[in-house]
Amino acid sequence: MSTLATTTTTTAPPADALRLDIGGMTCAACAGRVERALGKVPGVISAEVNLATEQATVDVRDGTPVQSLVEAVEKAGYSAAIVADAAPSRGAQTPGPSKEARHVVIAALLTLPLALPMVSMAFGAHWALPGWLQWALATPVQFWLGARFYVGAWKALKDRAGNMDMLVAVGTSAAYGLSVFHLLPAGAGGGAGHLYFEASAVVIALVLLGKWLEARARRQATEAIRALQALRPDIARVRRDGSEVELPISAVRVGDLVVVLPGERIPVDGEVIEGRSHADESLLTGESMPVPKGPGERVTGGAVNAEGRLVVRTSAIGAETALARIIRLVEGAQARKAPIQRIVDRVSAVFVPVVLVIALATWLGWGLAGGDWSVATLNAVAVLVISCPCALGLATPTAIMAGTGVAAQAGILVKDAEALEAAHRVRTVAFDKTGTLTEGRPRLLAVTGLGVGEVELLALAAAVESGSSHPLAGAVLEAARMRGIVPPPAEAVTVLAGRGVEARIGAREVLLGSERLMRELGLDVEVHANARSAQESQGRTVSWLAERAVDEIRLLGLLAFGDEPRPQSRQAIAALHALGLRTVMVSGDNREAAGAVAREAGIPPEDVVSGVLPGDKARVVEDLRRRGLVAMVGDGVNDAPALAAADVGFAMGSGTAVAMHSAGVTLMRPDPRLVADAIDISRRTTRKIHQNLFWAFIYNVIGIPLAAAGLLNPVVAGAAMAFSSVSVVSNTLLLRRWKPRASR
């Protein structure tokens, strides 16, 4: 059972979805009743109930009384409690021995003596327990262990609805009542024929067994959430007043210095200020290799510190940590309904009333036609039992839970079930270039001296750029550092807006900038057109270095910058092509620069759209949508409109918050191969949903006519009904074996 918040809060928080733990639901019809009850509360915008997680997600208007939601659910016959922000879902807990398990054992012990004579008949033995003993064994099963079905049926009846409990209660009561009716004339000595106590008891025992197995399987489907929640350390070692003290994580504050020893989990989000180590972030991002951490590096709570001692300045705690946000996102995706589930809900709403009509028709038909009302009752009972719609309500949500769970473990966060379902129908994947297929930061790729050596040229360039925050400056300084070059001190550094930078280095005046700046200085760069063209043909950006003397300005050399493709880009495009998808690159760069990256990644030239202004990317996506569903992959603020315009948006986790907010799927690490993995798990999850719905319906499609025709014993019907739910959830659990391509 999850930790629940009290309901003392008088109004709901604005612009947020509330979560409620719902108790007492047994089938899809129950979930529908709770949804309708919540939907009638003033101020409720929408309500969705997930049978698998036993939770409701309610969108409310600002000022809506929270207690009114709880009261509405309780009035409908179920229990409810508001879930605190930090509380895990029901499925996140690993319960010990439960009351349900004990009831299954007791039901089996009481039912086995009743079932043995029926089994022995298959071997030619005919014997039966005395009638009074059958009654004594069946009665506690019927009215004690089966009390939950009567309670549920009564609640549904008061609400003028039907559910699984009603079918079980009516069916087993009919078999039990008929047996008592036949037993009374025979007296306590037994000997009465046509007793069906074993049918009613075995059906209840099988239903209880099925619900227990189903609950166990559901907990396995939420294993990903439990694994994420297990990453939360309870204690942090905090540096206070010159000493280190261990404090509960709730006592840590933003700005505190937290000491993390080797082998410990990092308890907070923050920045390393002392020490060097590696962090295992595999359960957070899916990254299999440890990530190096040192001063200035960001660390995430839940990651494991490997070999070094780290001191971390806390930047986020509790519900604001990346881990907490990941858990909320996964739980939110699991709680929301996929579009196909809404169709199932409409079927479930009329399913139970239709079954009751079929059972009544079966009873009347057999009774009036043959005159044997005992046989008529048994056949009607079989119809009721085989029809229980447990599997129908579990088919979709369990698959969504398992699919989003394994995706999260691979570093793929799905915002909602609709995005997961839509991804399997995507036909075109459009990539932004910078930061998605490329590293997203320029690197100095070539240095060409014109009359000076490369080392001198790079040293002068680094000196000029030492006072600049421009991305190209960082590339120059990094290249100098990699070569062990220490730049000389620069003075009077002046930024020439949009053109370059100027500085005095000793007695020399040095300028670094664009071709435009060189032309303004009166330099003829066309003399070196071949050197420039050789770089630009590879999609690189060229900057020039010049020196101003007393009577002349001369070129010292050129520097070529490029944003290199990510090492995984070619594998990512190949994986998408293997899935039968078209890939398109959309870039604001010129055709040469965009074409160079496309060639490296394996995108055909005809699928490169270059020179696109940021505001026009959404228009390109709209044009692509005319040929089928489109996924857009991006990471920057300028990608947000295109991500929103696409049928499914994929945001790189290394990108901006705006991009991640606009996307339906967030990739927790900058690896484009995760796009193919996300589409792959979407296809597999959707396939599981279809398979589950097939199994959920096939039992009823075949079983109801057989039961109505008198060809299905109530005991066999009960076993089939229980097995249907277990088979659906077990089929879903096969998704846990999925492995992402990005980790292979």
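These legends describe close-up views of a predicted model. Local features need pLDDT of at least 70 and side-chain atom pairs count only at pLDDT 80 or more, while totals for chains, interfaces and linings use all residues. Residues are numbered from 1 along each chain as its sequence is written, and side-chain values use heavy atoms, with hydrogens and water left out.

**View 1. Helix H5 has its buried residues on the same side.**
Helices (H or I, at least four residues) and strands (E, at least two) are DSSP runs, numbered from the N terminus. H5 covers residues 147-158. At 1.5 Å a residue, its 12 residues should span 16 Å, and the end C-alpha atoms are 17 Å apart, which agrees. The expected span is 1.5 Å times one less than the number of residues. Phe149, Gly152, Ala153 and Ala156 are buried. They cover an arc of only 100° around the axis, which puts them on the same side of H5. That arc is taken from the directions from the helix axis to the C-beta atoms. Trp154 and Lys158 are exposed, on the face turned away from the buried side. Buried means under 20% relative accessible area, exposed over 50%, and partly exposed in between (1.4 Å probe, protein chains only). Arg160 follows H5 and has a positive phi, near 55°.

**View 2. Phe143 and Tyr176 form an edge-to-face pair.**
Rings of Phe, Tyr and Trp (its six-membered ring) pair if their centres lie within 6.5 Å; planes under 30 degrees apart count as stacked, over 60 as edge-to-face and the rest as tilted. By this rule the count comes to five aromatic pairs. In one of them, Phe143 and Tyr176, the ring centres are 5.1 Å apart and the planes stand at 90°, so the pair is edge-to-face. Phe143 lies in helix H4 (residues 131-145) and Tyr176 in helix H6 (residues 164-183), so the pair ties together parts 33 residues apart in sequence. Phe143 is partly exposed at 45% relative accessible area. Tyr176 is buried at 9%. Ring pairs link Phe143, Tyr150, Tyr176 and Phe197 into a cluster.

**View 3. A nonpolar patch lies on the surface.**
Leu360, Trp363, Leu364, Leu368 and Trp373 make up the patch, with about 480 Å² of accessible area together. Helix H11 (residues 339-370) gives the most, with four residues. One of the patch residues in H11 is Leu360, which is partly exposed at 47% relative accessible area. Patches take residues with over 30% relative accessible area and no salt bridge; like charges are joined within 9 Å, nonpolar side chains (Val, Leu, Ile, Met, Phe, Trp, Tyr) within 5 Å. Areas come from the Shrake-Rupley method with a 1.4 Å probe, and for residues only the protein chains shown count as cover.

**View 4. Glu509 and Arg548 form a salt bridge between two strands.**
A salt bridge is a side-chain nitrogen of Lys or Arg within 4 Å of a carboxyl oxygen of Asp or Glu. The whole structure has 28. In the bridge from Glu509 to Arg548, the closest N and O atoms are 3.3 Å apart. Glu509 sits in strand S19 (residues 508-513) and Arg548 in strand S20 (residues 541-548), 39 residues apart. Glu509 is partly exposed at 32% relative accessibility, and Arg548 is partly exposed at 30%.

**View 5. Helix H22 holds the salt bridge of Arg619 and Asp623.**
Their closest N and O atoms are 3.5 Å apart. Both residues lie in H22 (residues 617-625), four residues apart, about one turn of the helix.
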